[in-house]
Amino acid sequence: MSFAVRSTPRLVPQTIALALALAASSAALARDVASPPWPPGDERGMANAIGPATWARCAPYLSNGKARSYELSQMRSNTMPLSPFAGPHVAKPKPSAVLPGTKHSFNSETYNEGDEPGQQGTQIDALGHFAHLPSAWDGKGAPPADLGQYYGGYTQKDVKPTPDSPLLKLGIEKIPPLITTAILLDAKAVVGKGQPMKAGEVVTKAHIEAMLKAQGLGKRGIQPGDIVYIHTGWGDYWKDPDTDKKYYTAAPGLGYDAAQYLGSKRIVAIGLDTPFIDSVADGMLQGKAAPAPGTPEGLPFAIHHHMLTQLGIHHIENAKLDTLAKDKVWTSCTMVLPVLEKGAAGAAVRPVAIGSPGR
(Lines give C-alpha, C1' and ligand atoms only; values in the text may rest on other atoms or scores of the structure.)
Protein backbone atom coordinates (compact mmCIF):
# COMPACT_ATOMS: atom_id res chain seq x y z
CA MET A 1 0.00 0.00 0.00
CA SER A 2 1.35 3.41 -0.88
CA PHE A 3 0.68 6.66 0.84
CA ALA A 4 0.48 9.98 -0.94
CA VAL A 5 2.03 12.92 0.86
CA ARG A 6 -0.18 15.96 0.55
CA SER A 7 0.79 19.52 1.19
CA THR A 8 -1.17 21.44 3.80
CA PRO A 9 -1.52 25.02 2.58
CA ARG A 10 -3.26 26.02 5.79
CA LEU A 11 0.08 25.66 7.61
CA VAL A 12 1.85 28.18 5.37
CA PRO A 13 0.26 31.30 6.89
CA GLN A 14 0.98 29.92 10.36
CA THR A 15 4.61 29.30 9.44
CA ILE A 16 4.96 32.78 8.00
CA ALA A 17 3.36 34.28 11.10
CA LEU A 18 5.75 32.34 13.36
CA ALA A 19 8.74 33.43 11.29
CA LEU A 20 7.62 37.06 11.46
CA ALA A 21 7.11 36.78 15.20
CA LEU A 22 10.60 35.33 15.67
CA ALA A 23 12.10 38.03 13.47
CA ALA A 24 10.32 40.73 15.46
CA SER A 25 11.51 39.16 18.70
CA SER A 26 15.10 39.00 17.44
CA ALA A 27 14.94 42.63 16.34
CA ALA A 28 13.69 43.62 19.78
CA LEU A 29 16.49 41.69 21.50
CA ALA A 30 19.08 43.29 19.21
CA ARG A 31 18.21 46.82 20.34
CA ASP A 32 20.99 49.08 21.60
CA VAL A 33 22.45 48.16 24.96
CA ALA A 34 21.68 50.29 28.00
CA SER A 35 23.78 53.42 28.44
CA PRO A 36 24.74 55.60 31.42
CA PRO A 37 23.90 57.45 33.57
CA TRP A 38 22.96 54.54 35.79
CA PRO A 39 20.46 54.73 38.68
CA PRO A 40 21.60 56.18 42.02
CA GLY A 41 23.33 53.58 44.18
CA ASP A 42 24.63 51.64 41.18
CA GLU A 43 27.30 48.98 41.87
CA ARG A 44 27.53 47.36 38.43
CA GLY A 45 29.09 50.07 36.30
CA MET A 46 29.32 49.26 32.60
CA ALA A 47 28.13 45.72 33.37
CA ASN A 48 24.64 47.27 33.36
CA ALA A 49 24.92 46.88 29.58
CA ILE A 50 24.76 43.09 29.91
CA GLY A 51 21.34 41.68 29.09
CA PRO A 52 19.10 40.55 26.21
CA ALA A 53 20.82 42.85 23.73
CA THR A 54 24.31 41.44 24.36
CA TRP A 55 22.99 37.89 24.64
CA ALA A 56 21.32 38.24 21.24
CA ARG A 57 24.62 39.38 19.71
CA CYS A 58 26.10 36.06 20.84
CA ALA A 59 23.58 33.98 18.90
CA PRO A 60 25.41 33.88 15.53
CA TYR A 61 28.59 32.60 17.21
CA LEU A 62 26.84 29.96 19.29
CA SER A 63 24.87 28.64 16.31
CA ASN A 64 27.78 28.56 13.85
CA GLY A 65 28.71 24.97 13.02
CA LYS A 66 32.36 25.97 12.53
CA ALA A 67 32.70 27.67 15.89
CA ARG A 68 35.15 26.46 18.51
CA SER A 69 35.36 27.00 22.25
CA TYR A 70 38.56 28.69 23.45
CA GLU A 71 39.91 28.66 26.98
CA LEU A 72 41.07 32.16 27.97
CA SER A 73 42.46 31.25 31.39
CA GLN A 74 45.85 29.99 32.46
CA MET A 75 46.12 26.70 34.32
CA ARG A 76 46.37 27.28 38.08
CA SER A 77 48.98 25.33 40.07
CA ASN A 78 51.42 25.63 42.97
CA THR A 79 54.23 26.38 40.51
CA MET A 80 52.53 29.01 38.34
CA PRO A 81 53.83 32.60 38.25
CA LEU A 82 52.82 34.40 41.45
CA SER A 83 51.82 37.99 42.07
CA PRO A 84 54.34 40.09 44.03
CA PHE A 85 51.40 41.58 45.94
CA ALA A 86 50.10 38.26 47.28
CA GLY A 87 51.35 35.38 49.36
CA PRO A 88 52.37 31.99 47.95
CA HIS A 89 49.68 29.90 46.34
CA VAL A 90 49.82 26.41 47.83
CA ALA A 91 46.98 23.99 47.32
CA LYS A 92 47.63 21.00 49.59
CA PRO A 93 45.72 17.78 48.83
CA LYS A 94 44.14 16.18 51.88
CA PRO A 95 44.13 12.41 52.39
CA SER A 96 41.12 10.59 51.00
CA ALA A 97 38.42 10.50 53.65
CA VAL A 98 35.72 7.92 54.34
CA LEU A 99 32.43 8.62 56.06
CA PRO A 100 31.75 6.14 58.92
CA GLY A 101 28.88 3.81 58.21
CA THR A 102 28.88 4.58 54.48
CA LYS A 103 30.48 3.42 51.25
CA HIS A 104 31.56 6.98 50.40
CA SER A 105 35.14 8.15 49.96
CA PHE A 106 35.94 11.73 48.96
CA ASN A 107 38.84 14.13 48.29
CA SER A 108 39.49 17.84 48.87
CA GLU A 109 42.28 20.38 49.31
CA THR A 110 43.36 23.08 51.74
CA TYR A 111 45.02 26.41 50.95
CA ASN A 112 47.76 28.21 52.80
CA GLU A 113 47.30 31.30 54.90
CA GLY A 114 48.25 34.48 53.04
CA ASP A 115 47.26 33.18 49.62
CA GLU A 116 45.12 35.57 47.56
CA PRO A 117 43.50 33.31 44.96
CA GLY A 118 41.30 36.15 43.73
CA GLN A 119 44.39 38.14 42.75
CA GLN A 120 46.52 35.38 41.21
CA GLY A 121 46.36 33.57 37.91
CA THR A 122 43.59 34.50 35.50
CA GLN A 123 41.36 36.74 37.61
CA ILE A 124 38.87 39.59 37.49
CA ASP A 125 38.82 42.74 39.60
CA ALA A 126 35.73 43.92 41.44
CA LEU A 127 34.98 47.65 41.22
CA GLY A 128 35.84 47.86 44.92
CA HIS A 129 39.40 46.67 44.23
CA PHE A 130 40.68 50.24 43.80
CA ALA A 131 39.97 53.61 45.39
CA HIS A 132 41.58 57.01 44.94
CA LEU A 133 42.69 59.64 47.46
CA PRO A 134 42.33 63.44 47.31
CA SER A 135 46.14 63.83 47.22
CA ALA A 136 49.23 61.64 47.01
CA TRP A 137 50.36 60.11 50.30
CA ASP A 138 53.89 61.17 51.30
CA GLY A 139 54.57 57.85 53.01
CA LYS A 140 54.67 59.40 56.49
CA GLY A 141 52.36 58.42 59.32
CA ALA A 142 49.42 56.08 58.99
CA PRO A 143 48.19 55.38 55.43
CA PRO A 144 45.13 57.61 54.81
CA ALA A 145 42.98 54.74 53.53
CA ASP A 146 39.94 56.24 55.28
CA LEU A 147 39.94 59.03 52.66
CA GLY A 148 39.40 56.57 49.80
CA GLN A 149 36.81 57.38 47.15
CA TYR A 150 35.32 54.58 45.02
CA TYR A 151 33.24 54.13 41.92
CA GLY A 152 29.82 55.75 42.19
CA GLY A 153 30.93 58.23 44.85
CA TYR A 154 31.11 55.60 47.58
CA THR A 155 33.47 56.39 50.46
CA GLN A 156 35.77 54.16 52.47
CA LYS A 157 33.13 54.08 55.21
CA ASP A 158 30.59 52.80 52.67
CA VAL A 159 32.84 50.17 51.11
CA LYS A 160 35.30 48.96 53.77
CA PRO A 161 34.67 50.68 57.12
CA THR A 162 37.17 48.62 59.14
CA PRO A 163 40.45 46.92 58.24
CA ASP A 164 38.94 43.44 58.65
CA SER A 165 35.68 44.23 56.87
CA PRO A 166 34.79 42.64 53.55
CA LEU A 167 33.61 44.98 50.81
CA LEU A 168 30.14 46.10 51.83
CA LYS A 169 29.71 47.72 48.41
CA LEU A 170 31.19 47.02 44.97
CA GLY A 171 32.23 43.43 45.80
CA ILE A 172 32.76 40.65 43.28
CA GLU A 173 29.24 39.33 43.87
CA LYS A 174 27.84 42.46 42.20
CA ILE A 175 29.22 41.41 38.79
CA PRO A 176 26.51 39.72 36.69
CA PRO A 177 27.38 36.84 34.35
CA LEU A 178 29.23 38.65 31.55
CA ILE A 179 27.80 37.13 28.37
CA THR A 180 28.43 39.32 25.37
CA THR A 181 30.43 39.78 22.20
CA ALA A 182 34.18 40.12 22.40
CA ILE A 183 36.75 41.64 20.13
CA LEU A 184 40.40 40.52 20.11
CA LEU A 185 43.10 43.00 19.15
CA ASP A 186 46.46 41.46 18.23
CA ALA A 187 49.04 43.93 19.51
CA LYS A 188 51.80 41.33 19.27
CA ALA A 189 51.29 41.23 15.49
CA VAL A 190 50.60 44.91 14.82
CA VAL A 191 52.54 46.77 17.54
CA GLY A 192 55.26 44.21 18.27
CA LYS A 193 55.64 43.19 14.60
CA GLY A 194 55.28 39.54 15.57
CA GLN A 195 57.26 39.77 18.81
CA PRO A 196 55.91 40.20 22.34
CA MET A 197 55.55 43.82 23.32
CA LYS A 198 58.31 44.98 25.66
CA ALA A 199 58.01 45.74 29.35
CA GLY A 200 56.85 49.31 29.82
CA GLU A 201 55.43 49.66 26.31
CA VAL A 202 51.85 50.86 25.93
CA VAL A 203 48.98 50.15 23.58
CA THR A 204 47.74 53.58 22.50
CA LYS A 205 44.50 54.78 20.95
CA ALA A 206 46.32 55.02 17.62
CA HIS A 207 47.44 51.40 18.00
CA ILE A 208 43.84 50.30 18.63
CA GLU A 209 42.65 52.07 15.51
CA ALA A 210 45.52 50.53 13.52
CA MET A 211 44.68 47.03 14.80
CA LEU A 212 41.01 47.43 13.93
CA LYS A 213 42.00 48.38 10.39
CA ALA A 214 44.65 45.65 10.01
CA GLN A 215 42.24 42.97 11.24
CA GLY A 216 39.39 44.06 8.99
CA LEU A 217 37.31 45.32 11.89
CA GLY A 218 37.13 48.96 10.93
CA LYS A 219 33.49 48.79 9.90
CA ARG A 220 32.37 46.85 12.96
CA GLY A 221 34.49 48.79 15.41
CA ILE A 222 34.16 48.44 19.16
CA GLN A 223 30.52 48.30 20.23
CA PRO A 224 28.89 49.25 23.54
CA GLY A 225 28.69 46.19 25.75
CA ASP A 226 31.74 44.50 24.17
CA ILE A 227 34.56 42.93 26.15
CA VAL A 228 37.90 43.84 24.59
CA TYR A 229 40.84 41.42 24.77
CA ILE A 230 44.32 42.63 23.81
CA HIS A 231 47.00 40.08 22.93
CA THR A 232 50.36 41.71 23.73
CA GLY A 233 52.40 38.50 23.61
CA TRP A 234 53.53 38.93 27.22
CA GLY A 235 51.65 35.72 27.95
CA ASP A 236 54.49 33.92 26.16
CA TYR A 237 56.46 34.41 29.39
CA TRP A 238 53.88 32.57 31.52
CA LYS A 239 55.81 29.42 32.36
CA ASP A 240 54.82 26.62 34.69
CA PRO A 241 56.94 25.81 36.55
CA ASP A 242 57.96 29.46 36.81
CA THR A 243 61.71 29.04 36.71
CA ASP A 244 62.46 32.33 34.89
CA LYS A 245 60.57 34.50 37.39
CA LYS A 246 60.00 37.08 34.66
CA TYR A 247 56.27 37.23 34.07
CA TYR A 248 55.29 39.29 37.13
CA THR A 249 58.34 41.59 37.23
CA ALA A 250 57.08 43.98 34.54
CA ALA A 251 54.84 44.06 31.48
CA PRO A 252 53.41 46.11 28.64
CA GLY A 253 49.96 47.51 29.16
CA LEU A 254 47.23 49.86 28.11
CA GLY A 255 48.05 53.53 27.55
CA TYR A 256 46.02 56.20 29.32
CA ASP A 257 44.65 57.63 26.07
CA ALA A 258 43.62 54.09 25.04
CA ALA A 259 41.78 53.64 28.34
CA GLN A 260 39.91 56.91 27.74
CA TYR A 261 39.09 55.82 24.18
CA LEU A 262 37.80 52.39 25.24
CA GLY A 263 35.81 54.01 28.01
CA SER A 264 34.11 56.26 25.50
CA LYS A 265 33.06 53.10 23.62
CA ARG A 266 31.27 51.85 26.77
CA ILE A 267 33.00 48.48 26.93
CA VAL A 268 32.11 46.19 29.84
CA ALA A 269 35.58 44.79 30.56
CA ILE A 270 39.15 44.87 29.29
CA GLY A 271 41.35 41.75 29.34
CA LEU A 272 45.07 41.48 28.65
CA ASP A 273 47.60 38.65 28.71
CA THR A 274 49.54 40.65 31.31
CA PRO A 275 49.52 40.80 35.11
CA PHE A 276 48.66 44.48 35.57
CA ILE A 277 46.59 45.92 32.65
CA ASP A 278 48.68 49.03 33.36
CA SER A 279 52.09 49.27 31.74
CA VAL A 280 54.89 48.44 34.20
CA ALA A 281 58.49 49.13 33.15
CA ASP A 282 61.44 47.16 34.53
CA GLY A 283 62.11 48.46 38.04
CA MET A 284 58.83 50.35 38.41
CA LEU A 285 57.52 48.06 41.15
CA GLN A 286 60.68 48.81 43.13
CA GLY A 287 60.37 52.58 42.59
CA LYS A 288 63.32 52.64 40.17
CA ALA A 289 61.43 53.50 36.99
CA ALA A 290 58.71 56.02 36.15
CA PRO A 291 55.23 55.16 34.88
CA ALA A 292 54.51 55.37 31.17
CA PRO A 293 54.51 58.81 29.52
CA GLY A 294 51.08 60.42 29.70
CA THR A 295 50.27 58.87 33.08
CA PRO A 296 48.56 61.42 35.38
CA GLU A 297 50.63 62.59 38.35
CA GLY A 298 50.29 60.42 41.44
CA LEU A 299 48.44 57.64 39.57
CA PRO A 300 51.07 55.13 38.42
CA PHE A 301 48.26 52.58 37.97
CA ALA A 302 46.15 55.08 36.07
CA ILE A 303 44.27 52.43 34.07
CA HIS A 304 43.02 50.82 37.27
CA HIS A 305 42.03 54.26 38.51
CA HIS A 306 40.26 55.37 35.34
CA MET A 307 38.44 52.18 34.50
CA LEU A 308 37.54 50.83 37.94
CA THR A 309 36.91 53.96 39.99
CA GLN A 310 35.70 56.36 37.32
CA LEU A 311 33.93 54.28 34.66
CA GLY A 312 33.01 50.97 36.27
CA ILE A 313 34.86 48.82 33.70
CA HIS A 314 36.17 45.49 34.98
CA HIS A 315 39.71 44.15 34.48
CA ILE A 316 40.56 40.59 33.45
CA GLU A 317 44.25 39.97 34.09
CA ASN A 318 46.54 37.13 32.97
CA ALA A 319 44.18 36.09 30.20
CA LYS A 320 45.38 33.36 27.86
CA LEU A 321 44.97 34.81 24.38
CA ASP A 322 47.63 33.10 22.24
CA THR A 323 45.41 30.39 20.70
CA LEU A 324 42.62 32.86 20.00
CA ALA A 325 45.12 35.13 18.20
CA LYS A 326 46.76 32.23 16.33
CA ASP A 327 43.36 31.21 14.94
CA LYS A 328 42.50 34.84 14.09
CA VAL A 329 39.27 34.74 16.06
CA TRP A 330 38.86 38.49 16.04
CA THR A 331 35.23 38.47 17.19
CA SER A 332 33.46 35.93 19.37
CA CYS A 333 30.92 35.36 22.08
CA THR A 334 32.63 35.46 25.44
CA MET A 335 31.37 34.23 28.79
CA VAL A 336 32.92 35.34 32.07
CA LEU A 337 31.29 34.13 35.29
CA PRO A 338 32.97 35.28 38.52
CA VAL A 339 32.23 33.31 41.67
CA LEU A 340 29.62 34.77 44.04
CA GLU A 341 31.97 35.38 46.96
CA LYS A 342 30.40 38.04 49.10
CA GLY A 343 32.57 41.09 49.71
CA ALA A 344 35.61 39.91 47.73
CA ALA A 345 37.77 42.39 45.80
CA GLY A 346 38.71 39.91 43.08
CA ALA A 347 38.07 36.37 41.92
CA ALA A 348 39.73 33.61 39.99
CA VAL A 349 37.83 33.29 36.74
CA ARG A 350 37.64 31.01 33.72
CA PRO A 351 36.61 33.07 30.69
CA VAL A 352 35.83 31.33 27.43
CA ALA A 353 35.31 32.56 23.87
CA ILE A 354 33.24 30.85 21.20
CA GLY A 355 34.09 31.81 17.64
CA SER A 356 35.20 30.58 14.24
CA PRO A 357 38.87 30.41 13.18
CA GLY A 358 39.84 32.84 10.50
CA ARG A 359 36.97 35.23 11.14
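Here are some notes on this predicted model, point by point.

1. Confidence first. The mean pLDDT comes to 91, and 91% of the residues reach 70 or more. The stretch to be wary of is residues 1-30, where the pLDDT is below 50. Beyond near neighbours in sequence, that stretch has four contacts in the model. Keep this in mind for helix 1, which is assigned to 11-29.

2. The disulfide. How many are there? The count is one, and the pair is Cys58 with Cys333, with the sulfurs 2.3 Å apart. The torsion about the S-S bond is about 85°, so this is a right-handed disulfide. Cys58 sits in helix 2 (residues 52-62) and Cys333 in strand 13 (residues 331-336), so the link ties together parts that are 275 residues apart in sequence.

3. Is the disulfide pair buried or exposed? Cys58 has a relative accessible area of 1%, so it counts as buried. Cys333 is at 0% and is buried too. When you look at the bond on screen, you will be looking at two buried cysteines.

4. Ser73. You'll find this residue in the loop between strand 1 (68-71) and strand 2 (91-93). Although Ser73 is in a loop, its relative accessible area is 15%, which is under the 20% cut-off, so it counts as buried. What does Ser73 touch, leaving aside its neighbours within four places in sequence? The contacts are Thr122, Lys320, Val349, Arg350 and Pro351.

5. Helix 6. This helix covers residues 256-264, and its buried residues are Ala258, Ala259, Tyr261, Leu262 and Gly263. The cover over them includes two helices worth clicking on, helix 5 (205-214) and helix 7 (302-311). Strands take part as well, among them strand 8 (202-203), strand 9 (227-231), strand 10 (253-254) and strand 11 (269-272).

6. Just past helix 6. Arg266 follows the helix and has a positive phi. The value is about 60°, and the residue is not a glycine. Arg266 belongs to the loop between helix 6 and strand 11. With a relative accessibility of 23%, Arg266 counts as partly exposed.

7. Another positive phi. Ile277 is not a glycine either, and its phi is about 65°. Its loop runs between strand 11 and helix 7. Is Ile277 buried or exposed? Its relative accessible area is 0%, so Ile277 is buried, whereas Arg266 is partly exposed.

8. Cis peptide bonds. One joins Pro36 and Pro37, with omega about 10°. Pro37 is in the loop between helix 1 and helix 2. Another cis bond joins Asp240 and Pro241, also with omega about 10°. Here the proline lies in the loop between strand 9 and strand 10.

9. Why flag the backbone cases at all? Most residues other than glycine have a negative phi, and most peptide bonds are trans. For a quick look through the model, the spots to visit are Arg266 and Ile277 for phi, then Pro36 to Pro37 and Asp240 to Pro241 for omega.

Methods: Residues numbered from 1 in each chain as written. Predicted model: local features only at pLDDT ≥ 70, side-chain atom pairs only at ≥ 80, totals over all residues. Heavy atoms only, no water. Helix = DSSP H or I, 4+ residues; strand = E, 2+ residues; numbered from the N terminus. Buried < 20%, exposed > 50% of the residue type's maximum accessible area, 1.4 Å probe, protein only. Contact = heavy atoms within 4.5 Å. Disulfide = S-S within 2.5 Å. pLDDT = per-residue confidence, 0-100.
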